[in-house]
Amino acid sequence: MDGTNTDPDGLPAIWTVRVRLPLPVDADYDYLVPSDPTDPTASASVPARAVPGPGAFVEVPLGTGVRIGIVWGPGSDGVERAKLRPILRVLPAPPVPEAVRRFVDWVARYTVSPPGMVARMVAPVPGALEAPAPQPGVRRVGPVPDGVRLTPMRERVLRHLADGVPRTLADLKAEIGASAAVVRGLAAAGAVVSSDLPVPPRRFPVDPHGIGPALTADQQDAADALRGAVRRPDYSVHLLDGVTGSGKTEVYFEAIAEAVAAGRQVLVLLPEIALTGQWLGRFGDRFGGAPAAWHSDLTGARRRDTWRAVAAGTAPVVVGARSALFLPFPDLGLIVVDEEHEAAFKQEDGVIYNARDMAVARAHLDAIPIVLASATPSIETVVNVGQDRYRRLALPDRFGGARLPEMAVIDLRATPPETGHFLSRPLLEAVAETLARGEQAMLFLNRRGYAPLAICRACGHRLQCPNCTAWLTVHRLVGRLICHHCDHRDRTPHRCPECGAEDSFAPVGPGVERIAEEADRALPGANWTIVSSDTLHGPKAIATMVEQVQRREIDLLIGTQVLAKGHHFPDLTLVGVVDADLGLGGGDFRAFERTYQLLHQVAGRAGRGQRPGTVLLQSYQPETPVLQALIRGDRDGFLAEQIDDRQRGGWPPFSRLAAIILSGPNREHVLQAAEILARAAPLVDGVQILGPAEPPLAVLRGRHRRRFLIRCGRRFPLQDLIRSWIGPPKLPGSVRVTVDIDPMSFV
Ligand code: ADP
Ligand code: ZN
């Protein structure tokens, strides 16, 4: 901090600090540092002050309440000290490291978010900022008083404590096997005195020197490149580009080992933390311990422990969902983003950000390497490789000679399913044969529930969510109609609200429950189960399902994208995609890319063991480029074509895109706000502003929505434009303005 600037009444401004509060405001707040009466260098005219360092967590008054904030720097110049209120308390937590504070500022600027809301993500567990309750302990003072009865164990304890170092009861138990009763007995006799000890941060020990598997030549080359990058104190981005089962995980484990051996911390981001059971098992095998996990399912106590361990540096490896990126790592040395192409890395509410992109920014700010791993890298990443910003490390083959599955289309125009059914004869036969061979199969349909829609047979009325522009989905297992956007639940009405017909609603279209019903009839005796977010809640349920499949208690899996990810089922040899056309129609400019990634990933579940796999794609339009590329296994040709399309159409990454969404409970107010912003829209060369338009989800959770899209050149200062546009106008108070930079969702 700079102590040379002075404020109007002549006292050094160092006696004020700028505090960032977790509020949706653009500015920080200045506070006075109270004088420290215990400091002997103080004099009457210049009292000493214990200035909390930058990054310190402090409690400050705000209005009539008290808030916890973070000291962000020295106080602002020119603020009248008399108007400032003093800091109440410095909290006993490690200060937020400078690198993390710079990252917070960067993310706030990039995402056009209030800096306080980004800073809030650094400390989402208030309890972690207080010192944990001390542990009971004892120490020896002076000679043992006369008359103390000395048993052998008592003598051992006294000898052990002879060095004067206090020990907790837990230490004494662990070190010499002394029970708490023995130690308490000594304390009661006056031979030792109680001495509470601070609780050290939890450790997550990881042994970086364990031996990994012998790597193949390609794996070794990639691992060497990554180990080299970890040793260089420099920013670098590596795309670990390998088919499913090629050993990407084994390879980046090598990079993790290198970083941990150098005493630095590693962050591994996974898209879906609920699905990491198998990953954690492998990590344990390789490193002899568990990493610190960070996700929304942690209990409060575990969250506090984990946060403190990361902040104290006693968690060398952290694995987490996107929010782990904001943990206060004091010495981050490597970031890994697995399945980097996943849309799940995009946080869609609150501060809207893409964790993969922000991770790259974090690596850049810290001058450290980052590894992006995927079998189907995103077009953004592939373009970055093409422009030499990222380095590609290729693992072209599955490990152990396992072959990639055969892919084929079932042309539903030639072999349609029976009316009202969704599984064609060829697919059902293939499943039956697979099960008869004693192998396992999977039917994939990315639709929860029984049917996506219920229609009145008498008048054609469709049941819609009262809060959203969306149809209600039929769920038979729970006997409800459910909105997948707001989770509104209802029973099917007895009478049609439109025409009054009784018991007239029929389900239309397939969901996984309906596919299961159909498969059950066509394949009597098959042990099937439905796998979707409705049937499996949380990591434990998923782990149980995986075990059941591995123990062969389940032979036919019928599920949504929950099934697509990460699992390793060695005896699963057939994957049937019920509707390969889903997702191709009417989508945004990423629709083909996404469909390719999802189907490729689902296909990757087949034939992971010794026996080869087959993937059958049911389609009414088998000639579409996505399906053709999948069948031919021509990923790079498909990517090249897509990149070409994007370039010609001027879509990202060849342009920049942002969405501004206005939403509110009052439709008129939202329309007014859209008017006001439309009138204020900047006219700038090379900037295209579309809207205000009604998005497909015109009403979401009871809020009316309107959207602007902004498109500009890659080098255009998009965020500045947005700030100067939406900052000044006064909009109706009930309307919320959301800025989404690099939007992934256009509904
Ligand atoms: P990916 O992450 O690319 O899908 P994995 O790292 O999960 O691939 O590897 C697939 C399977 O092959 C895993 O069971 C893994 O343990 C195994 N495997 C990969 N490379 C090796 C190797 N060099 N030696 C032994 N097993 C390996
Ligand atoms: Zn709804």
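So, L269 in strand β10 has V337 as its bridge partner over in strand β13. Keep in mind that this is a predicted model. That pair belongs to a longer match: β10, residues 265–269, and β13, residues 332–338, run parallel and are joined by five bridges.

Now, what does β10 pair with besides that? Strand β12, residues 317–320, is also parallel to β10, with four bridges between them. If you want a spot to look at there, find V266, which sits opposite V317 of β12.

Okay, is β10 buried or exposed? Mostly covered: five of its five residues are buried. In a regular strand, side chains take turns between the two faces of the sheet. For β10, one side carries Q265, L267 and L269, the other has V266 and V268, and every one of these residues is buried. So that's both faces of β10 covered.

Let's move on to a pair of helices. You describe two packed helices by the angle between their axes and how far apart those axes are. Here we've got α1, residues 98–111, packing against α10, residues 355–366, at about 135 degrees, and the axes are 10 Å apart. That angle is why we call α1 oblique to α10. The crossing of α1 past α10 is right-handed.

And which residues actually meet? On the α1 side, it's A99, V100, R102, F103, W106, V107 and Y110. On the α10 side, look for M358, A361, R362, L365 and D366. Sort that contact between α1 and α10 by class and you get nine nonpolar residues, three charged ones and no polar ones.

Key: Residues are numbered from 1 along each chain as its sequence is written. Chains are lettered from A and ligands numbered from 1 in the order in which they are written. This is a predicted model: local features need pLDDT of at least 70, side-chain atom pairs count only at pLDDT 80 or more; totals for chains, interfaces and linings use all residues. Side-chain values use heavy atoms; hydrogens and water are left out. Axes are lines fitted to C-alpha atoms, for helices over the stretch in contact, and angles run from 0 to 180 degrees between N-to-C directions. Helices (H or I, at least four residues) and strands (E, at least two) are DSSP runs, numbered from the N terminus. Angles under 35 degrees count as roughly parallel, over 145 as roughly antiparallel, 65 to 115 as roughly perpendicular and the rest as oblique. A crossing is left-handed if the near helix is turned anticlockwise from the far one by less than a right angle, and right-handed if clockwise. Contact means heavy atoms within 4.5 Å. Ala, Val, Leu, Ile, Met, Phe, Trp, Tyr, Cys and Pro count as nonpolar, Asp, Glu, Lys and Arg as charged, and the others, Gly among them, as polar. Buried means under 20% relative accessible area, exposed over 50%, partly exposed in between (1.4 Å probe, protein chains only). Two strands pair if DSSP finds at least two bridges between them.
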